[in-house]
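Here's a quick briefing to read alongside the model. Have the viewer open and click through the residues as they come up.

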Amino acid sequence: MITWGLVLVLFVLAVVWSADLESSFGMRHLIVFLLFLSTTVSYATRVSMSVAIVAMTTDNDYGYPVFNWERSIQDTILSSFFWGYIMLQIPAGLLTGRFGGKVFIFLAMVITGVINLITPIAATNGDWMAVCACRILMGLSQGLLYPSLHGLLGQWAPPTERSRMGTFVYAGAQLGTIIEMMTAGILSAGPWGWPSVFYTAGVACLLLGAVWMIFGASTPSSCRWISKEEKKYIETSLGSADISEQKKMATPWKSIWTSLPFWAILLAHSGQSLGFWTLLTEIPSYMSKVLGVNIKSNGLLSALPYAGMYVLSFVFSWTADFLVNRNIVSLPAARKIFNTIAFWGPAAALLGLTYIPAGHLTLAVAMLTLTVGLNGAHYVGFLISHIDLSPNFASTLMGITNGCGNIFSIMAPLSVSLVVKDEASATEWRHVFFISIAFYFLSNLFFILFMSGKVQDWNEPKPANNLEEGVKGNEEVDSSDKNKTCVEKF
């Protein structure tokens, strides 16, 4: 009851903190809420195998199949999701930019749902290779998700609400992780057994896919439920092109790859992926082998770092919007400040964690929670910056950086196996953490030096015979100022 009460409190806090209290509820809020549910459900399905595989390889009292999989096979199954996930990132970004994100969110949910429903059958009849095939296919389907989310946020989130809306959507990953960590274990140990973990996830995905197909829309102009006033407000504040116009736009590859602000996001995404996934995948082993603390044995302690990141992400997003909207700091400055909190904060906390004496459970868990919690600031740092640079090509930019970032996610456990030969050696583990600290520090330094919060001139082609609005040459337009021409409040 305590843990589910925690989930309810976290959800309510998310809705309150992400809401635009100065405006009436609009269609953009419903779209963002559905995207939040998509992220929550998709991440729950990712985590489900991490919990279910324990039950799948352990004897049970209800007669469900038990698989004699070695540790190497289990690791192969767990990593197979990312093999498919990486492959579609850039294509998904391009397709979303041309055709909108609605259909791809739907496909991601439906395919993920169907695969979860057939996974127990595949495991029983095809053993671990069939399970790997299911996970690869699920990775392919979810490879459509993040570029689509970014493309939809680029079309629906006004600059004054962007930090809160973006954080609300992406923080669903943490809530999905918390829910699945608590739910999957209960389902696996009950009379419905480990297959119920996949059946529950499959049904949830299919239901969400159906709701999204009814109410979802790629842009305000293609939404049949939106009011004319809200549509005008969003399109005026964003100044982004509709999907029908984007189809005519050639992707400015040369401008993208020669853009220092884009490289700042790319390196930040890669650095955060390596540092964060090293933290989440290897810290439990470090705490067990070196500190003598088995955090995995306590479900609440396991969920605490994720809960800390979830709550702090909304504190950071509200603070970022407050500072920008009150003209206390500029949008570029806000992105750099919170990205620094998300990178250099965990780097310092991680350094402190590696020098905690053995047996100090409270201190170790507190430091781990702080380390993971500060990562929540990256939602209003580099992760939302693609939209600042180019609302029209945000999905393409996200596809590139998320694809590269996930390569570094896979590298995280590999770096441990290369460096750590004796798992009980604190010195060897520190070398691993020093690598993460270096990536955190250097990638954020590059972000501070070269990131821009302005819409780039390659966001939309300039007509040769039209020089209205005083645009000269390659002058950039600050995205935080675009909404000032719209006086209505919604």
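Let's start with a pair worth finding in the viewer: Arg164 and Asp321 are both buried. Bear in mind that this is a predicted model. The side chains of these two residues meet in a salt bridge, at 2.7 Å from N to O. Arg164 belongs to helix α7, while Asp321 belongs to helix α14 (residues 299-325), so far along the chain that 157 residues separate them, and the pair links distant parts of the chain.

**The other salt bridges**

- How many salt bridges are there by this rule? The count comes to five.
- One of them joins the side chains of Arg28 and Glu161, at 3.0 Å from N to O. Arg28 sits in helix α2 (residues 27-56) and Glu161 in the loop between α6 (145-156) and α7 (162-170), so this bridge ties together parts of the chain that are 133 residues apart in sequence.
- Buried or exposed: which is Arg28? Arg28 counts as buried because its relative accessibility is 0%, and the cut-off for buried is under 20%.
- Glu161 has a relative accessible area of 1%, so Glu161 is buried too.
- Arg28 also meets Glu230 in a salt bridge, at 2.9 Å from N to O between the side chains. Here the link runs from helix α2 to helix α10 (residues 228-238), which holds Glu230, and the two residues are 202 apart. Both Glu230 and Arg28 are buried.
- Put these together and you get one network: Arg28, Glu161 and Glu230 are joined by salt bridges that share partners.

**The chain as a whole**

- The chain carries 19 helices and two strands.
- Of its 490 residues, 56% are buried.
- Take the contacts between residues at least 6 apart in sequence: 84% of them join residues at least 24 apart.
- About 20000 Å² of the chain is exposed, and 67% of that comes from carbon and sulfur atoms.

**Two helices to look at**

- Helix α8 (residues 172-189) has 18 residues, which should span 26 Å at 1.5 Å a residue; its end C-alpha atoms are 26 Å apart, so the two values agree.
- Where is the kink in α8 centred? Look at Glu180, where α8 has a kink of about 25°.
- α8 is mostly covered, with 13 of its 18 residues buried.
- Helix α19 (residues 426-450) runs for 25 residues and reaches 36 Å from its first C-alpha to its last, close to the 36 Å expected at 1.5 Å a residue.
- The buried residues of α19 include Trp429, Val432, Phe433, Ser436, Ile437, Tyr440 and Phe447. Arg430, Ser443 and Asn444 are also among the buried residues there.
- For reading that list, the general geometry helps: an α-helix has 3.6 residues a turn, so residues three or four places apart point the same way.

**Backbone oddities**

- Asp127 has a phi near 60°, a positive value in a residue other than glycine. Asp127 lies in helix α5 (residues 102-142). With a relative accessibility of 33%, Asp127 counts as partly exposed.
- Asn327 likewise has a positive phi near 60° without being a glycine. You'll find Asn327 in the loop between α14 and α15 (331-353). Its relative accessibility is 60%, so Asn327 counts as exposed, given that the cut-off for exposed is over 50%.

**Aromatic pairs**

- Searching the whole structure turns up 23 aromatic pairs.
- One of these is Phe343 with Phe382, an edge-to-face pair at 6.0 Å centre to centre with 85° between the planes.
- That pair links distant parts of the chain, with Phe343 in helix α15 and Phe382 in the loop between α16 (361-374) and α17 (385-389), 39 residues apart.
- Phe343 and Phe382 are both buried.
- Which residues form one aromatic cluster? Phe33, Phe36, Phe168, Tyr310 and Phe314 do.

Note on methods:
Residues are numbered from 1 along each chain as its sequence is written. This is a predicted model: local features need pLDDT of at least 70, side-chain atom pairs count only at pLDDT 80 or more; totals for chains, interfaces and linings use all residues. Side-chain values use heavy atoms; hydrogens and water are left out. Helices (H or I, at least four residues) and strands (E, at least two) are DSSP runs, numbered from the N terminus. Buried means under 20% relative accessible area, exposed over 50%, partly exposed in between (1.4 Å probe, protein chains only). Contact means heavy atoms within 4.5 Å. Accessible areas come from the Shrake-Rupley method with a 1.4 Å probe; for residues, only the protein chains shown count as cover. A salt bridge is a side-chain nitrogen of Lys or Arg within 4 Å of a carboxyl oxygen of Asp or Glu. The expected span of a helix is 1.5 Å times one less than its number of residues. The bend at a residue is the angle between axes fitted to the seven residues ending there and the seven starting there. Rings of Phe, Tyr and Trp (its six-membered ring) pair if their centres lie within 6.5 Å; planes under 30 degrees apart count as stacked, over 60 as edge-to-face and the rest as tilted.
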